[in-house]
Amino acid sequence: MYDPYYISLVNDVKMPRLGLGVYQASGPDTQQAVKWAIEAGYRSIDTAAIYGNETEVGNALKESPISREELFITTKVWNSDQGYSTTLEAFERSLKKLQLTYLDLYLIHWPVANKYLDTWRALEKLYDEGKIKAIGVCNFQPHHLDSLINVADIIPMINQIELHPFLSQEDVRSYCKQRNIVVEAWSPLGRGKMLDNPQLKEIADRHKKSIAQIILRWDIQNDIVTIPKSVNQNRIIENIDIFDFSLSPEDMASINALNKNERIGDDPDNFHF
Ligand code: A2P
C-alpha cells in the first residue's frame, strides 16, 4: 500500500519522502533549523562532511525529544576522503560529530574517478557491520552507476542528484527506476531560482499553495525523495505542508514541460574533484 510519508528502499528501510537540507547553512543556523524542522514534523535531515555543520546537526538531535529510531540521518563522504581506508576514517569522524552510534544513510558525495569504487567497498563494509542502515551515491550518471554495479556486491539504494523542474533528469530517473535505486533531489527549489515562474504561479494559485509547495509536491508524486534547504522557520513549516493536496495529471505534465536541462550546480561529468 502507498505510504504518503515514507518510501521503501530496496532493503525495506523506510525513508521519509521529505527531509531538511542544510547545505550552505552556518553552524548556529543549522542547529536552530534542525530544531524547528523536528518541531514541524520533519524526521529526516541531510548533511555532509563538507558542509561543516555535522556537529550542530548532532547538537540539535541530542536536544530533540524524538527518539533516535524515528529519525533518519544522512551524511556524505567528501571527495578528498575517498578511497577505502580514508572513507572508513571519514565515516568515524562524521559519526562522532553527529554524536550518533549509527547512520541511516551514508552517501558518496561525487563520483571521483579512480576512487569511487574503493569508496564504495568501504560503504559496503560499514553496511555489513550494521553501522549504516542504507548506502548510496550522489551525482552519479548512468555510466558511473554502470561501472559501480559491475563490481559491487550491493547496488546503491539511493542516487541523490540535482533535480528540479528546470532539470528534471528523466534519463537518470528511468535508469534508477529500472534498478530499484530511489532518486533523491538536491536543490529541489533550484536554490530559489524558480519561485517567480508564471506557469508554476498559475498552478500554485489554483491550489492555494506556494510555488515551493507545488515543486515539492511534484517530487513526492514522482516518488522522488526531496530535501529543501531552509533556515527560516516559516519556510521550514511551509515546505512540509504538502500532504493535504494533489497535483492533477495535467498539472504534473505542465511542470514536466518546464524542463530545460539547466543546472545550477556542478556537472558530474565536468567537475574538478
Ligand atoms: P532560506 O534558507 O533563507 O529559507 P534549494 O533547497 O533548492 O537549494 O533552495 C534553497 C534556497 O531556497 C535557500 O536560499 C532558501 O532560503 C530558499 N527557500 C527554501 N524554502 C523556501 C520557500 N518555501 N520559499 C522561498 N524560498 C525558500
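**Group meeting: the ligand pocket, helix α8 and some single residues**

The space taken by the ligand is the largest pocket. Keep in mind throughout that this is a predicted model.

Let me start with the ligand. How many residues surround the ligand? The count is 16. The closest are L189, K229, S230, R235 and N239. Which helix gives the largest share of that shell? Helix α9, residues 233-240, with three residues.

Now the polar atoms. One pair involves S230: an N or O atom in its side chain is 2.5 Å from an oxygen atom of the ligand. K229 also offers a side-chain N or O atom, and there the distance to a ligand oxygen is 2.9 Å. With R191 the partner is a polar backbone atom, 2.9 Å from an oxygen atom of the ligand. As for cover, the ligand taken alone exposes 570 Å², and the protein buries 81% of that.

Next, helix α8. The helix spans residues 211-221. Is α8 enclosed or open? Ten of its eleven residues are buried, so the helix is largely enclosed by the rest of the structure. Here is the buried set: I211, A212, Q213, I214, I215, L216, R217, W218, D219 and I220. Note that the set includes Q213, R217 and D219. A general point on helices. There are 3.6 residues a turn in an α-helix, so residues three or four places apart point the same way. Back to α8, and to its neighbours. What do its buried residues pack against? On the helical side, the partners are α6 (170-178), α7, α9 and α10 (249-256). On the strand side, they are β9 (182-186) and β10 (225-226). So α9 appears twice in this talk: in the shell around the ligand, and in the packing of α8. After α8 comes D223, which has a positive phi, near 60°.

Step back to the loop before α8. K209 sits there, between α7 (198-207) and α8. Is K209 buried or exposed? Its relative accessible area is 14%, and the cut-off for buried is under 20%. That is why K209 counts as buried. Its side chain makes a polar contact of 3.0 Å with the side chain of D244. Setting aside residues up to four places away in sequence, K209 touches A204, I214, D241, D244 and F245. One of these, I214, is among the buried residues of α8.

On to α10, and D251, which lies in that helix. D251 is buried, at 2% relative accessible area. What does its side chain pair with? The side chain of H207, in a polar contact of 2.8 Å. Beyond four places in sequence, D251 is in contact with I203, R206 and H207.

Now N139. This residue is in the loop between β7 (132-138) and α5 (142-151). N139 is buried, with a relative accessible area of 4%. The contact list, again without neighbours within four places, runs as follows: H109, W110, P111, H144, N159, Q160, I161, E162, W186 and P268. Take two of them. The side chains of N139 and W186 are joined by a polar contact of 2.8 Å. N159 is 20 residues away along the chain, and the two C-alpha atoms are 6.9 Å apart.

Two backbone cases next. S187 is not a glycine, yet its phi is positive, about 50°. S187 lies in the loop between β9 and α7, and is buried at 13% relative accessible area. N114 is not a glycine either, and its phi is also positive, about 65°. N114 is in the loop between β6 (103-108) and α4 (116-128). Is N114 buried or exposed? Exposed, at 80% relative accessibility.

Last, S8, in strand β1, residues 6-8. S8 counts as partly exposed, at 39% relative accessibility. Its contacts outside four places in sequence are V13, K14 and V182. With K14 there is a polar contact between side chains, at 3.3 Å. S44 is 36 residues away along the chain, and its C-alpha atom is 14 Å from that of S8.

To close, one return to the start: the ligand takes up the space of the largest pocket, and the protein buries 81% of the area that the ligand exposes alone.

Notes: Residues are numbered from 1 along each chain as its sequence is written. This is a predicted model: local features need pLDDT of at least 70, side-chain atom pairs count only at pLDDT 80 or more; totals for chains, interfaces and linings use all residues. Side-chain values use heavy atoms; hydrogens and water are left out. Helices (H or I, at least four residues) and strands (E, at least two) are DSSP runs, numbered from the N terminus. Buried means under 20% relative accessible area, exposed over 50%, partly exposed in between (1.4 Å probe, protein chains only). A polar contact is a pair of N or O atoms within 3.5 Å; within protein, one must be able to donate a hydrogen and the other to accept it, and residues adjacent in sequence count only if both atoms are side-chain atoms. Contact means heavy atoms within 4.5 Å. A residue is near a molecule or strand if one of its heavy atoms lies within 4 Å of it. Accessible areas come from the Shrake-Rupley method with a 1.4 Å probe; for residues, only the protein chains shown count as cover. On a 1 Å grid over the protein atoms alone, a cavity is a set of points where a 1.4 Å probe fits but cannot get out, and a pocket is an open set with protein on both sides within 12 Å along at least five of seven lines; lining residues have an atom within 4 Å of a point. A molecule sits in a cavity or pocket if more than half of its atoms lie within 2 Å of its grid points.
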